[in-house]
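Visitor: I have a structure to look through and would like to ask about its parts one at a time. Please show it first.

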Amino acid sequence: MSDQIVTRFAPSPTGFLHIGGARTALFNWLFARRHGGKMLLRIEDTDRERSTDEAIAAILDGLTWLGIDWDGDAVHQFSRAERHRAVALQLLAEGKAYHCYASQEELAEMRERAKAEKRPMRYDGRWRDRDPAEAPAGVKPVVRFKAPLEGETVVNDEVQGPVTWSNKELDDLVLLRSDGTPTYMLAVVVDDHDMGVTHVIRGDDHFTNAARQTQIYQALGWDVPAMAHIPLIHGPDGAKLSKRHGALGVDSYRAMGYLPEALRNYLVRLGWAHGDQEIFSTEEMIAAFGLEAIGRSAARFDFVKLEALNGHYMRHADDARLLEALETIMPEIGPERGLGTSLSPELREKLLAAMPGLKERARTLVELLDSAAFLYDARPLALDEKARKLLDDDARARIAGLVPKLEALESFDAQTTEAAVRAHAEETGVKLGQVAQPLRAALTGRATSPPLFDVMAVLGREETLARLKDQEKP
């Protein structure tokens, strides 16, 4: 059975790949990979007015960046409209669907009545068994599914457990609109069947659809795929995740400086657990993932946890890997820092040399670039408030006395500069910090930075001395 498992991710291309969609894609991908199966990608672009090529490109780009691949070519639902229509006409021919001539006014009246009676709007079936000869002239009908009136529809959900709907609560849904275009509800069933999908893993906002789609499967005599409806993601306050919480596109998280491996790890733990384990390699995720461990309650998105996890991945990342990730977001974050859309070869070299110290403190790539500002800020450096306080008259005098000793060094690296600074502190009868802290402020414009002597080594003799001389006079 394991090699027969087929999942699918089926986004609507009306915008970016949002964080909930990314998690759904990840869960489908992990489940398929865990069982040696396939994950297919279907672009549900039947809403022609809202579907855009830009959105499709953003979705594919987001999945690729997250490291989620799919099997075969992406299927575009709209291109299969003729097949969907054929299935609707088959149901019509078998008496399992019918033409409905209800006008917009009649449907509006049904809605108003339902609203007044404080119940959900349900089509009342007025054309279900009516003679089409009574159809009003010039009205193009829709095709409605003839849903069962008695009994129950049961969905044995892999996450929610068995859920039962009374059939009298489910009305006759539209399969083909009056212009002949198929509805989403029909298209999904036909596509999942034709693509051989064995497991439908999606957000629980589709749960009511599961009952309606099950009825269509049964009417067609097709096997109903296993279903797993994942609770939605909420904000830290428990409300449905929205833009104010950070419900942004995956591309926004990339631009905010998160690593794909960190975001992927964070997403897998949103609603799924494997004991107390928090950090997962991709291989560990695949080996451990199962639908039975998905919780039934909504997960809460927490930026603090995401930042902490991203910090972990940055500390353990290869320096060149971080530089590469930083370069991919330079078009978004470089211009506002006066760096343009790419790193100069000189700055690249300095960042790579400084990376061991930079990555220890930063939680995002944006923080990392900002903490490296001392590498690219123009001289004379603008000092922040804490740096200005450190550079009082006494501190400037100590630095002025240190300059000749640094100039005299034969080699200029972390070891030789540290020895020179320590010797200067000893000679002048002060603690190391009384020299080192003002020195840091003069070289970086800040009171905190990567290790001081690493900073000096990266800046080099000429730049270090020039910056110190800049601070000789207030």
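The questions below go through the cores, the sheets, a helix pair and two single residues.

Visitor: What kind of model is this?
Guide: Local features are reported here where pLDDT is at least 70. The model is predicted.

Visitor: Which helix gives the largest share of the largest nonpolar core?
Guide: The largest nonpolar core holds 102 residues. Among them, Val268, Phe289, Phe301, Leu351, Leu375 and Leu406 touch the most other members. Nine residues of this core, its largest share, come from one helix, α1 (residues 19-34).

Visitor: How many residues are in the other core that lies apart from it?
Guide: Its members include Ala97, Val143, Leu176 and Val189. This separate core counts 19 residues.

Visitor: What does phenylalanine 289 touch, not counting residues up to four places away in sequence?
Guide: Phe289 is one of the core residues that touch the most other members. Residues up to four places away in sequence are set aside for its contacts. The partners of Phe289 are then Phe27, Leu30, Phe31, Arg34, Val268, Trp272 and Ile294.

Visitor: Is isoleucine 19 buried or exposed?
Guide: Isoleucine 19 is placed in helix α1. Its contacts beyond four places in sequence are Ile233, Leu241, Leu248, Tyr253, Leu263, Leu267 and Phe301. The cut-off for buried is under 20% relative accessible area. Isoleucine 19 has 1% relative accessibility, so it counts as buried.

Visitor: What is the C-alpha to C-alpha distance between isoleucine 19 and phenylalanine 301?
Guide: Phe301 is among the contacts of isoleucine 19. In sequence the two residues are 282 residues apart. In space, C-alpha to C-alpha, they are 9.8 Å apart.

Visitor: Is histidine 274 buried, partly exposed or exposed?
Guide: Histidine 274 sits in the loop between α8 (260-268) and α9 (282-288). Beyond four places in sequence, histidine 274 touches Phe280 and Ala288. Buried would need under 20% relative accessible area, and exposed over 50%. Histidine 274 has 36% relative accessibility and therefore counts as partly exposed.

Visitor: Which strands stand at the edges of the sheet β4-β5-β8?
Guide: This open sheet has three strands with antiparallel pairing, and the twist averages 45° from one strand to the next. An edge strand has a single partner, so one of its sides is left without a neighbour in the sheet. The edge strands are β4 (97-100) and β8 (174-176).

Visitor: Which residue in β8 stands opposite valine 143?
Guide: Strand β5 (residues 142-145) pairs with β8 in the antiparallel sense over two bridges. Opposite valine 143, the residue in β8 is leucine 176.

Visitor: In the sheet β1-β2-β3, which residue in β2 is the bridge partner of arginine 8?
Guide: This open sheet of three strands has parallel pairing, with β1 (6-9) and β3 (75-76) as its edge strands. β1 pairs with β2 (residues 38-43) over four bridges. The bridge partner of arginine 8 in β2 is leucine 40.

Visitor: Where do helices α18 and α20 meet, and what is the handedness of their crossing?
Guide: The axes of α18 (residues 414-427) and α20 (residues 452-470) come within 8 Å and cross at roughly 120°, which makes α18 oblique to α20. Ala414, Thr417, Glu418 and Val421 in α18 meet Phe453, Asp454, Met456 and Ala457 in α20. The crossing of α18 and α20 is right-handed.

Methods. Residues numbered from 1 in each chain as written. Predicted model: local features only at pLDDT ≥ 70, side-chain atom pairs only at ≥ 80, totals over all residues. Heavy atoms only, no water. Core = buried A, V, L, I, M, F, W, Y, C linked by side-chain atoms within 4.5 Å. Buried < 20%, exposed > 50% of the residue type's maximum accessible area, 1.4 Å probe, protein only. Contact = heavy atoms within 4.5 Å. Pairing = 2+ DSSP bridges. Axes fitted to C-alpha atoms, helices over the stretch in contact; angles between N-to-C directions. Parallel < 35°, antiparallel > 145°, perpendicular 65-115°, else oblique. Left-handed = near helix turned anticlockwise from the far one by under 90°.
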